[in-house]
Structures are given as structure tokens and as C-alpha cells.
Amino acid sequence: MGRSSKDKRDIYYRLAKEEGWRARSAFKLLQLDEEFGLFKGVKRAVDLCAAPGSWSQVLSRKLRGKEEKSEEVKIVAVDLQAMAPLPGVTQIQGDITKISTALEIIRHFEGQPADLVVCDGAPDVTGLHDVDEYIQAQLLLAALNITTHVLKPGGTFVAKIFRGKDVTLLYSQLKIFFSSVTCAKPRSSRNSSIEAFVMCQNYSPPVGYVPNMSNPLLDHSYGNNTVMLPMFLMFQLHIILSCYTLLDASKEYKYTPPTQPPIRPPYQQACQLRKNNLLAKEDSPSLPLDEALSNMDI
Ligand code: SAM
């Protein structure tokens, strides 16, 4: 067994198996509920980016509880991928960036708004931190778009974020729509991961705001938040510039040497000795350094 697959089998992985959760992430939502009382009074909930379904399982078990309550509770789960059925959960196989998905959720709730929207969405991670953070932020904004269509005033939105260097800007953008925005890291979320969760409470959109599926943070035709448009564009531009070099196709490419050559690190000599198999070994007497260096193939 490879080391990485062994590492994944931590306490929450084993507990999830024991308790029948589809993924260890169930504990993140359970722990967020312990801390913030998320499920209090909730009858209609939406789980965005739900597959394989452990958050939907939590919603189903916690909201439906006893049989007599289960009739009034409605839960909708959305994901690009299909997932195995769950009691009391309606599945929509769809994209959270599409208006058709928002309309389908509304249809299921028969025009009634949701009390809670949760989103544990994550793109396929590339390993390039700026790119991953940017895509995650875009997914969060897509989730926020859907949320503005379906959430009741005063409702709660919980979403996964990556805590990168531009995260404070995201918080201020969310604060346009919610009176309270808190960042939480449940103990089941690995310390090594940059993920955290934004807890957005008391949905209160700006006066006159009309939900639409273009990015709400780019729509500056309402309220006094026009300042957010240039801030958001700068945020996007900053990330794009840090990911790509802009090339002017009309000009011929001309090589420019680096402004600073590579440094000579202090361990360079040790690297060269090791490359030439001249580093001292425990059971063989080491050569004096001068002699070793003179033998080297540099
Ligand atoms: N909360 C889930 C659970 O507990 O089982 C795990 C969610 S998993 C980390 C992330 C999910 O986001 C994937 O299943 C992926 O298909 C979904 N996803 C990513 N982009 C999406 C999009 N644009 N629309 C819908 N789902 C999306």
C-alpha cells in the first residue's frame, strides 16, 4: 500500500466507514453544525456540488430526523455527477453555473425559498496555487449566484473556500449579501489543506438587487456598492497576470536574459560531491575535501 493512501486512513476516514457516511467530509458539516447551529429550524435545504453525497446524508439524517417531521422537509442535491439515491433527497444532475439549475431547484421547492444552502464544491486541483484558488473562488461565486435565486432573506449559506492571499477580498464581497460572514476550519479538515468554510448568515441582499446568473459581484447597477466592481476586476486581472505572460503577437519575439542569474546556493558543493558519489559514507574513510573536489567531474 502506498504511503499516501495509508495517510488518508485517518480517524475520520475510519469513523465514516463505521458510521456509514459516504465520505469523511460528513464530519466537516456535522462539526460546523455543532459550532454554528446550522440546522435549527431548517426545512428546505440545498446541497450544491453534493456527490458522492455525505453532506446530503447529514442533511437527510439531521433535518428529517423522526418520521413525522420528514414530510415537511425538502432537500435538493446538485452535482455534475450522478450519485446513489438517499431518503428524502431529490437529485439534480446539473451544473451550478447554469440558470436552468437554479430554476429546477425553485421548481422543486414550489416557489418557496430555501432556509439553507451548502456548497462543498471543488474543482480538480491543478497544484498551481494561484490557479486553484482562482477556480475555487469562481465556483464559490457560481454557488453564490444560485443562492441569491433560492435563499430566503435571513437564510444561511455555507461554502468551501481556499484561504489564499486574496481571501479577504472574497469575504468583503460576501458581506455585500450577508450581515455576518465568518471563516471556520472544522477539526476534521486536514491542517495541511488550505480549505476552510465561510459561514454566511442572515442573507440580506442590497436594496433593489435582482438575482441574475451573471456574476452578482460584477453587477454594479444596485445599491452603493459600485466600488466592488473595480475591486473585483482588479482581483481577476491580478490573478490572470500572475498565471500567464502576456504576449504581443504583432511583434517579433526577442529573447531577454534574466535580470538576475541563478544564485550559487551554499549546499551546491555538497550536491556536486553527492552527484560524483564522493560524499563520506559511514563505513568508508572520507577523502579530504580538496582531494575529493579535485577528483570531481564538474
Ligand atoms: N460534499 C460532497 C460529499 O460530502 O460527498 C463532496 C463534494 S466533492 C469535494 C466536490 C464536487 O463538486 C464533485 O462531486 C464535483 O463533481 C462537484 N462540482 C464541481 N464543479 C461543479 C459544477 N460546476 N456544478 C456542479 N457540481 C460541481
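This is a short walk through one predicted protein model, from the overall fold to the ligand and a few odd backbone spots.

Two bits of housekeeping. Residues are numbered from 1 along each chain, as its sequence is written. Since the model is predicted, local features need pLDDT of at least 70 and side-chain atom pairs count only at pLDDT 80 or more, while totals for chains, interfaces and linings use all residues.

Okay, the overall picture. The protein chain has eleven helices and seven strands. Those are DSSP runs, with helices being H or I of at least four residues and strands being E of at least two, numbered from the N terminus. Of the 298 residues, 29% are buried. Buried here says that 20 or more other C-beta atoms lie within 10 Å of the residue's own; exposed is 12 or fewer, partly exposed is in between, and the C-beta atoms are placed from the backbone. As for contacts with a separation of 6 or more, 66% of them link residues 24 or more positions apart. A contact is two C-beta atoms, again placed from the backbone, within 7 Å.

Let's start with strand β4, residues 114-119. All six of its six residues are buried. What sits beside β4? On one side of the story there's β1, residues 44-48, which runs parallel to β4 and is joined to it by four bridges. For two strands to pair, DSSP has to find at least two bridges between them. L48 is the residue opposite C119 in β4. Then there's β5, residues 151-162, which also pairs with β4 in the parallel sense, over five bridges. There, V118 stands opposite V158. To get from β4 to β5 the chain goes through helix α7, residues 129-150, and that β-α-β crossover is right-handed. Right-handed is this: with the strands pointing away from you, the path from the first strand over the helix to the second runs clockwise.

Now the ligand. It has 22 residues around it, the closest being C49, A51, S54, I96 and D120. The cut-off for being near is a C-beta atom, placed from the backbone, within 6 Å. The elements giving two or more residues to that shell are α4, at 54-64, and β2, at 74-79. By type, the shell splits into twelve nonpolar, six polar and four charged. Nonpolar is Ala, Val, Leu, Ile, Met, Phe, Trp, Tyr, Cys and Pro; charged is Asp, Glu, Lys and Arg; the others, Gly among them, are polar.

What does the record add? An unreviewed UniProt entry puts "binding site" at G53, W55, D79, D95 and D120. UniProt positions follow the numbering used here, feature names are shortened, and annotations may be inferred rather than shown by experiment.

Two of those are worth a look. W55 is in helix α4, and it counts as buried because 27 other C-beta atoms lie within 10 Å. Leaving out residues up to four places away in sequence, W55 touches S25, A26, L29, D47, A50, V118 and D120. D79 lies in β2 and is also buried, because it has 21 C-beta neighbours inside 10 Å. With that sequence limit of four places, D79 touches C49, A50, A51 and Q93.

The same kind of record, unreviewed UniProt, gives "active site" at K160. K160 is in strand β5. Buried or exposed? Buried, because 21 other C-beta atoms are within 10 Å. Beyond four places in sequence, K160 touches C119, D120, G121, A122, E195 and F197.

Last stop, the unusual backbone spots. Most residues other than glycine have a negative phi, and most peptide bonds are trans. Here, the peptide bond from A51 to P52 is cis, with omega near 5 degrees. P52 is in the loop between β1 and α4.

Then N202, which has a positive phi, near 60 degrees. N202 is in strand β7, residues 195-203, and is partly exposed because it has 13 C-beta neighbours inside 10 Å. One of the residues touching N202 is S180, which lies in strand β6, residues 178-184.

And finally N277, where phi is near 55 degrees, so also positive in a residue other than glycine. N277 sits in the loop between α10, 268-275, and α11, 289-295. It's exposed, because only 8 C-beta neighbours are inside 10 Å.
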